[in-house]
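Good morning, colleagues. Please have the sequence and the structure open in front of you while I speak.

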Amino acid sequence: MLKVKRFIPISIAAIFILVLATNAPAQQPNPTSAVATVEVTASVKEAEVGQQVKLTVVAKDASGNVVKEEPATYFAGPFDIAAADDSGNVKLFGAGRVTAGVVFANNKAGVTTFNVKPATIKTVEINGIKSPISVGSTAQLEATTRIFSGDPRTGVNINWTSDKPSVATVDAGGVVTGIGPGTAVIKASAEGASNTTTVAVVRNNLRSLAIEPRSTTARTGDVVHFTAKGTPSSDFTPRWSVSGSGATIYSDGAFVAEQPGTYIVNASSGNVSTTASVVVAPRNVERELKVVGRALFKEFQGAEEWIIGNYAYYSTISDRFLVYDISDPAHPKLTDTVKVDARLVNDISTTTDGKILVISREGASNRKNGIAFYDTSDPAHPKLISEYTATVTGGVHSAFVDKHYVYLTDDATGSLRVIDFADVKNPKEVARWQTENPTAAVIRTKEGEEIAGRYLHDLQVKDGLAYLAYWHDGLVILDVGAGIKGGSPEHPQFVSQFRFNHNELYGDGWLAGTHSVFRDRNYLFIGDEVLPAFFDLTSHKRIAVRGIVHVLDISDINHPRKVAEYPVPEGGAHNMWVDNGIMYMGYYSGGGRVIDVSGELRGDLYRQGREIGRVWTGDIEGYRANLPFTWGAQPHNGLIYFNDINSGLWIVKLGDKIEKGSTTAPGQ
């Protein structure tokens with residue numbers, strides 16, 4: 001489904017290319033075109049999310065005369081915040097800097113740029129104070145401002161007021177101070193939206209406070225829960241603080257340190273306070289990562305991997321997938337190259353018994369993409385059984401196999417489709433679900449219609465719950481058999497959602513969204529993918545990347561909350577696999593990573609020293625020489641399999657602990 005001269009999804013990485021004729025051999029320049037220069041102007045210099053901007057195009061010949069010729073195509077990007085139809089109307093889905101323009105038949109192009117302002121605030125949420133505060137005490141109120149879509153928007157001026165200043169006052173930062181006994185209504189207002197919360201203030205009868213534990217030890221990254229008890233006993237809200245800049249204590253008394261040292265924790269209420277101490281040691285979890293085996297390729301780029309039994313299945317950003325015998329991990333042997341009618345074979349996985357292999361496809365020459373099923377009775381040589389394309393001809397980016405269902409993403413509509421393959425020769429669609437994003441719109445072009453502004457990128461199904469990485473719609477959780485909302489694979493039911501504001505996180509000029517998701521225990525690990533607004537995936541040059549991993553606590557499945565993150569400064573997040581307290585991850589230009597995610601998680605996991613090891617997956621003979629672009633990782637039979645877009649398969653063993661002062665470099 002490669003669309004010439006348009007923004008198009010062509011990999012799990014949400015990689016989108018502005019495809020000009022130089023990248024599309026089927027569309028050679030038209031030498032008869034007289035266009036020499038192109039001027040493009042937008043109807044406005046600045047717009048808002050949800051609006052439409054009209055492009056005006058003036059083409060001239062070499063003599064400066066206006067040429068009456070229609071452009072071959074209109075375009076706008078980044079694709080996730082703007083899209084153009086063939087009438088030059090640009091529809092806007094998100095805030096940021098938009099580049100829009102046209103390309104003529106002879107490859108002459110013109111562009112213009114304009115800003116899209118964030119949408120105005122629609123709602124204000126206040127995280128209230130559950131327990132009373134005493135006279136003379138202070139407590140911090142936190143407010144979240146959201147736009148019409150539900151996305152949070154920070155940096156907004158919030159006006160705080162109290163209806164009873166004689167009971168409680170509130171300053172510009174939302175800090176409430178108890179003045180006298182009673183209740184006061186605190187109001188937060190922003191851009192016409194507002195909300196209130198009630199604060200109770202009681203007399204300060206406390207004579208003393210005590211903290212438990214009084215003194216303790218921990219490692220960096222360990223979460224220590226402190227509680228404050230008053231004499232006489234009463235219900236109150238303590239104010240927590242900690243000395244130094246290497247540790248944080250949260251409003252619930254949870255303490256975590258990023259740096260070793262001794263910290264003093266303080267709890268106060270009114271003029272009564274007390275302290276406790278924590279001695280924090282380094283986490284010291286680093287271990288050697290030893291490369292056991294390699295499977296290098298350089299003519300094309302790799303994509304997803306699936307390791308099962310003695311075989312590794314490896315999809316590619318090309319028209320094939322590869323099969324390796326890994327019974328000897330030191331010498332993986334290519335047993336088959338399976339050709340596919342696609343420009344991208346994306347996700348690849350099997351049923352749990354390994355008998356059926358499923359692939360997803362994009363860019364088929366016959367425009368029939370969808371998914372394909374293979375018989376793996378002979379695991380070294382998969383044989384095609386059937387295909388499913390009926391409702392997903394526009395392309396399938398990601399697919400997840402659970403029992404006899406495939407949960408897949410539909411590129412054309414941004415929806416989730418559920419395919420039942422109990423009869424594998426006759427798979428059928430049994431369900432469809434999608435977010436109702438108010439900015440999503442139908443874009444009409446010469447090549448047909450497509451939905452822009454809604455994009456489902458990846459998903460995982462576990463224990464009857466489907467976790468959807470829904471790009472700008474964030475995380476969506478569906479009941480598909482967990483018994484929470486009466487859902488089933490045939491009738492997915494909405495459970496909850498958690499939104500991010502990627503423009504605020506990464507700024508203008510990036511494709512950025514919720515990309516990957518993996519559940520372990522009561523945590524969801526969610527990777528953002530952040531790529532340049534314009535780049536060429538086929539180039540052998542470096543592609544800049546950004547992106548972090550968010551950690552959400554879903555112990556209350558109806559109210560997910562962010563508790564931690566893992567940001568690698570030199571890399572961009574991609575796919576992860578979490579098992580037994582360890583996260584194995586492809587961090588694009590940051591290489592392969594192994595991270596300790598055991599225990600309770602709070603704060604910045606990178607700064608806490610939770611990184612166990614890393615592998616530099618660059619190779620001089622790779623598609624991009626000496627540049628890692630690690631896609632993901634999977635643990636299997638005591639080894640770790642990293643798949644790199646540029647350099648193929650890396651088989652790694654987790655080795656001995658690196659003692660302090662060791663000169664052994666990680667990944668060597």
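Setting aside neighbours within four places in sequence, L92 is in contact with A47, E48, V49, G50, Q51, V53, I81, A82, V98, F114, V116 and T439. I should say at once that this is a predicted model. L92 also belongs to the largest nonpolar core, which has 25 residues. Within that core, the residues that touch the most other members are A82, V90, L92, V98, A100 and F114. Which strands supply at least two residues each to this core? They are β3 (37–42), β5 (52–60), β6 (73–77), β7 (82–84), β8 (89–92), β9 (96–103) and β10 (109–117). Another core lies apart from this one; it has 23 residues, and I548, V551, V568 and M585 are among them. As a general remark, nonpolar side chains in soluble globular proteins tend to be buried together.

Let me turn to a sheet. Four strands form an open sheet with antiparallel pairing, in the order β30-β31-β32-β33. Why do β30 (302–308) and β33 (333–339) each have one side without a neighbour in the sheet? Both stand at the edges and have a single partner strand each, so one side of each is left without a neighbour there. From one strand to the next, the twist averages 20°.

We can now go through the sheet pair by pair. β30 and strand β31 (residues 311–316) are antiparallel and pair over five bridges, and I308 stands opposite Y311 in β31. A hairpin of three residues then joins β31 to β32. These two strands also pair in the antiparallel sense, over five bridges, with Y314 opposite L322 in β32. Finally, β32 and β33 run antiparallel and are joined by six bridges; here V323 stands opposite D336 in β33.

Is β32 mostly covered or mostly uncovered? It is mostly covered, as five of its six residues are buried.

This strand also leads us to the aromatic residues. The count of aromatic pairs comes to 18. One of them is formed by F321 and Y374, in an edge-to-face arrangement with 5.2 Å from centre to centre and 80° between the planes. The pair links distant parts of the chain, since F321 is in strand β32 (residues 320–325) and Y374 is in strand β36 (residues 371–375), 53 residues apart. Both F321 and Y374 are buried. Elsewhere, ring pairs link F79, Y455 and W471 into a cluster.

Two arginines deserve mention alongside the rings. The charged end of R294 sits over the ring of W650, 3.6 Å from the ring centre. The charged end of R602 sits over the ring of Y250, at 4.9 Å from its centre.

I will close with the backbone. Where are the cis peptide bonds that I wish to show? One runs from G77 to P78, with omega near 5°, and P78 is in the loop between β6 and β7. Another runs from E212 to P213, with omega near -5°; P213 is in the loop between β20 (208–212) and β21 (215–219).

Two asparagines have a positive phi. For N580, phi is near 55°; this residue lies in the loop between β52 (576–579) and β53 (582–586) and is exposed, with a relative accessible area of 71%. For N637, phi is near 50°. N637 is in the loop between β57 (630–636) and β58 (639–644), and it is exposed, with a relative accessible area of 67%.

Definitions and conventions: Residues numbered from 1 in each chain as written. Predicted model: local features only at pLDDT ≥ 70, side-chain atom pairs only at ≥ 80, totals over all residues. Heavy atoms only, no water. Phe/Tyr/Trp six-rings, centres within 6.5 Å; stacked < 30°, edge-to-face > 60°. Buried < 20%, exposed > 50% of the residue type's maximum accessible area, 1.4 Å probe, protein only. Lys NZ or Arg CZ within 6 Å of the ring centre and 35° of its normal. Core = buried A, V, L, I, M, F, W, Y, C linked by side-chain atoms within 4.5 Å. Contact = heavy atoms within 4.5 Å. Pairing = 2+ DSSP bridges. Axes fitted to C-alpha atoms, helices over the stretch in contact; angles between N-to-C directions.
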